[in-house]
Number of protein chains: 2
Amino acid sequence: MAAMRKKKAVKTPKGDQTRKLILDTALEMFRERGYEQTTMRAIAEKAGVSLGNAYYYFRSKEFLIQAFYQTMHDDHVALALPALEKDDTLKTRLLTVMRLKIEVMKPYHQFAGVLFKTAGDPQSPLNPFADEANPVRQASIQLFEKVVEGTKARIPKDLRAELPYLLWVYHMGIILFWIHDRSPKHRRTYRLIDRTVEMVDKMISLGSNPFMRPLRKHALALVDELRDAADDVLDSDDN
Amino acid sequence: MAAMRKKKAVKTPKGDQTRKLILDTALEMFRERGYEQTTMRAIAEKAGVSLGNAYYYFRSKEFLIQAFYQTMHDDHVALALPALEKDDTLKTRLLTVMRLKIEVMKPYHQFAGVLFKTAGDPQSPLNPFADEANPVRQASIQLFEKVVEGTKARIPKDLRAELPYLLWVYHMGIILFWIHDRSPKHRRTYRLIDRTVEMVDKMISLGSNPFMRPLRKHALALVDELRDAADDVLDSDDN
DNA sequence: GCGGTTAGTTGAACGTGTTCAAATTCGGTT
DNA sequence: AACCGAATTTGAACACGTTCAACTAACCGC
């Protein structure tokens with residue numbers, strides 16, 4: 001009941017500055033040496049603060065990953081929103097958003113392997129799938145709401161309501177692929193995006209057809225159930 | 001080139017015994033207290049060996065997870081093979097295998113959260129998706145080969161060839177769901193299995209239809225590409 | 001300016017995963 | 001029975017993530 005959801009320990013501009021300094025330093029070192037190779041001590045030293053101070057702003061090393069997520073998302077939105085002004089079909093809008101996401105994450109490719117380390121652990125507070133209330137996840141889904149909103153395509157209400165979430169899951173899948181993708185310039189990922197966006201677009205058209213109503217209802221019910229199961233895990237609080 | 005793939009350090013019956021002792025102790029403690037809460041020191045102490053000795057048999061704590069995978073798989077096969085003698089349709093065979101898998105893993109539900117912790121990290125030698133040569137994965141796919149082999153259903157060659165792998169991926173998805181499933185007696189997972197096995201069966205029938213050949217080719221090509229991308233990651237060796 | 005409350009900062013200490021050189025045991029050979 | 005090399009076992013040492021009690025700085029009402 002009385003579980004607090006506050007994350008930021010920042011209360012003053014001074015703290016904001018220190019927090020940013022530590023995060024920037026950490027991300028820079030993650031980029032250069034990877035996550036495991038970067039120690040909290042090294043981050044603190046390079047940032048010119050004490051070890052304990054780093055823990056004042058980031059509850060654990062893993063929380064730096066969440067901050068990284070947040071940063072990536074902010075950058076992504078900053079690029080995507082203006083770009084979305086121009087596109088109008090669902091297909092082009094989705095394509096734009098997906099490509100920009102890869103663009104934004106590019107510098108962190110070798111570090112990104114850890115992103116999914118906690119994704120499967122229901123206990124982890126960083127699991128983006130298991131925590132309905134996770135603000136990064138919320139914000140991320142919101143972007144896909146914008147992708148859907150802006151289209152004139154006729155999409156049934158039930159599907160339209162679920163679509164942002166579905167697209168978000170799809171986008172997580174693409175990121176998972178990208179993490180493993182070693183092809184030069186991530187060509188494979190871009191090709192996969194091209195192909196799958198096409199497929200997604202077709203499936204939405206198909207699924208919007210009145211004839212598909214029963215199947216669609218069935219499939220959406222299944223999706224709901226999957227989501228419920230994942231979200232039910234917020235019972236246990238600490239640890 | 002000269003990368004060695006040996007995992008077992010066991011050369012004598014004595015070693016086998018100690019290895020088993022350590023593994024059994026570890027799994028028992030994982031069951032009771034979970035993975036994080038169980039320290040290597042505690043395992044060693046309870047098993048009556050030294051800390052270093054545990055590391056002689058298991059390169060790291062994570063490798064105990066792989067051994068756990070292996071154990072689960074062995075148990076699963078031991079139950080599944082006899083059961084498969086009786087079933088003959090693809091649907092019933094798959095249903096049997098899936099239910100037994102959950103049955104076997106049941107005692108480890110709360111520990112199982114860590115199973116997917118490394119699943120997303122391309123670097124990890126434990127990632128079952130990224131290591132084509134992983135013997136546990138091989139053996140696991142083999143079981144699904146048996147599921148497919150035993151059916152008389154007409155399945156096109158190209159699909160039949162890929163099907164065991166596809167079913168294995170499907171089964172990993174179910175496990176991921178099960179990990180998050182907090183419903184009493186895992187009812188939700190069993191229901192999901194019932195539903196999805198039905199769907200899988202229908203999709204195989206559908207996909208086997210000659211009319212679907214172009215779409216099937218297309219989809220299988222995509223699957224191949226996904227697999228390639230995951231497997232390409234075995235370039236880097238140590239660390 | 002002063003006292004007090006909160007924000008921010010420090011570094012020592014602890015627990016845990018991991019490594020390693022040295023010691024011990026084992027199985028076979030002479 | 002003595003010996004040798006390999007397999008096994010040991011425990012101390014190290015590095016790193018994390019915690020925490022104590023300290024300092026900043027701010028606010030008076």
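**Close-up views of a predicted protein–DNA model**

**View 1. The surface near DNA strand D mixes three residue classes.** By class, eight residues here are nonpolar, nine polar and five charged. Ala, Val, Leu, Ile, Met, Phe, Trp, Tyr, Cys and Pro count as nonpolar, Asp, Glu, Lys and Arg as charged, and the others, Gly among them, as polar. This is a predicted model: local features need pLDDT of at least 70, side-chain atom pairs count only at pLDDT 80 or more, and totals for chains, interfaces and linings use all residues. Residues are numbered from 1 along each chain as its sequence is written, while chains are lettered from A and ligands numbered from 1 in the order in which they are written.

**View 2. Both chains supply helices to the surface near DNA strand D.** In total, 22 residues surround the strand. Here, near means that the C-beta atom, placed from the backbone, lies within 6 Å of the strand. The closest are T39(A), S60(A), G15(B), S50(B) and G52(B). Chain A brings helix 2 (40-47), helix 3 (51-57) and helix 4 (61-86), and chain B brings helix 1 (13-33) and helix 3 (51-57), each with at least two residues. Helix 3 of chain B gives the most, with four residues. Helices are DSSP runs (H or I, at least four residues), numbered from the N terminus.

**View 3. Helix 1 of chain B packs against other helices of its chain.** I22(B), L23(B), T25(B), A26(B), L27(B) and F30(B) are buried (20 or more other C-beta atoms, placed from the backbone, within 10 Å of their own). The buried residues pack against helix 2 (40-47), helix 3 and helix 4 (61-86) of chain B. After the helix comes G34(B), with a positive phi near 90°.

**View 4. Chains A and B touch through 25 residues from each.** Contact means C-beta atoms, placed from the backbone, within 7 Å. On the chain A side, helix 7 (157-180), helix 8 (187-208) and helix 9 (213-231) each supply at least two residues. That side has 13 nonpolar, five polar and seven charged residues.

**View 5. A turn of 180° lays chain A on chain B.** The RMSD is 0.0 Å, with a shift of 0.1 Å along the axis. Copies are superposed by least squares on the C-alpha atoms of residues with pLDDT of at least 70 in both. The two copies are thus related as by a two-fold rotation axis. In chain A, the C-alpha of K117(A) is nearest the axis, 2.3 Å from it.

**View 6. Chain A averages a pLDDT of 87.** This score is the predictor's confidence in each residue, from 0 to 100. Over residues 1-9 of chain A, pLDDT is below 50.

Key. Two residues are in contact if their C-beta atoms, placed from the backbone, lie within 7 Å. A residue is buried if 20 or more other C-beta atoms lie within 10 Å of its own, exposed if 12 or fewer, and partly exposed in between; C-beta atoms are placed from the backbone.
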